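Here is a short walk through one model, written for someone who would rather look at contacts than read a catalogue. Keep the viewer open as you go.

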Amino acid sequence: MKIGDLAVWSKYASEWSNAPAHRDLAGVVVRIIKPPSRHQSRAILIELHAEGENFIVGKEYVEVINESR
């Protein structure tokens, strides 16, 4: 996953109540937030841009469908 990739919601994210459907467009990857090296147990977060807003989700909630070059 890289900046500029197009992301969709994962099957895991679609299993929650009131969640978007699996493979619905989530947004464009703006930033990948990795934990400091001393906090390896923390999750990697992904900042997405969609519908004029930026928001942050856990990496397990999105999948890349169109990789930027």
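How many salt bridges does a search of the whole structure find? The count comes to three. Bear in mind throughout that this is a predicted model.

## The sheet

Let's start with the strands, since the salt bridges make more sense once those are in place. Five strands make up an open sheet, and reading across it the order is E4-E3-E2-E1-E5. The pairing is antiparallel. At the edges you'll find E4, covering 53-58, and E5, covering 62-66. Each of these two has a single partner strand, so one side of each lacks a neighbour in the sheet. On average, neighbouring strands are turned by 45° against each other, with direction ignored.

## Inside the sheet

Now for some of the pairings. Strand E1 (residues 6-9) runs antiparallel to strand E2 (residues 25-33), and three bridges join the two. Leu6 has Val28 of E2 as its bridge partner, while Val8 sits opposite Leu25, also in E2.

On to E3, which pairs with E2 in the antiparallel sense, over five bridges. Val28 turns up again here, with His49 as its bridge partner in E3. Val28 therefore has a bridge partner on both counts: Leu6 and, in E3, His49. As a general point, side chains in a regular strand alternate between the two faces of the sheet.

## The three salt bridges

Take Arg31 and Glu47 to begin with: their closest N and O atoms are 2.7 Å apart. Arg31 belongs to strand E2 and Glu47 to strand E3, so this pair ties together parts that are 16 residues apart in sequence. Are these two residues buried or exposed? Glu47 is buried, because its relative accessible area is 11%, under the 20% cut-off. Arg31, at 40% relative accessibility, counts as partly exposed.

Next comes Arg23 with Glu63, whose side chains meet at 3.1 Å, N to O. This salt bridge links distant parts of the chain: Arg23 is in the loop between H1 and E2, Glu63 is in strand E5, and they are 40 residues apart. Both ends are partly exposed, with Arg23 at 46% relative accessible area and Glu63 at 27%.

That leaves Glu15 and Lys11, which form a salt bridge through their side chains at 3.0 Å, N to O. Glu15 is exposed, because its relative accessible area is 53%, and the cut-off for that label is over 50%.

## Two backbone oddities

If you check the backbone torsions, which residues other than glycine have a positive phi? Arg23 is one of them, with phi near 75°. Its place is the loop between helix H1 (11-14) and E2, and this is the Arg23 that meets Glu63 in a salt bridge.

Glu51 is another, with a positive phi of about 55° although it is not a glycine. Glu51 lies in the loop between strand E3 (45-50) and E4. At 82% relative accessibility, Glu51 counts as exposed, whereas Arg23, at 46%, counts as partly exposed.

How values were computed
Residues are numbered from 1 along each chain as its sequence is written. This is a predicted model: local features need pLDDT of at least 70, side-chain atom pairs count only at pLDDT 80 or more; totals for chains, interfaces and linings use all residues. Side-chain values use heavy atoms; hydrogens and water are left out. Two strands pair if DSSP finds at least two bridges between them. Helices (H or I, at least four residues) and strands (E, at least two) are DSSP runs, numbered from the N terminus. Axes are lines fitted to C-alpha atoms, for helices over the stretch in contact, and angles run from 0 to 180 degrees between N-to-C directions. Buried means under 20% relative accessible area, exposed over 50%, partly exposed in between (1.4 Å probe, protein chains only). A salt bridge is a side-chain nitrogen of Lys or Arg within 4 Å of a carboxyl oxygen of Asp or Glu.
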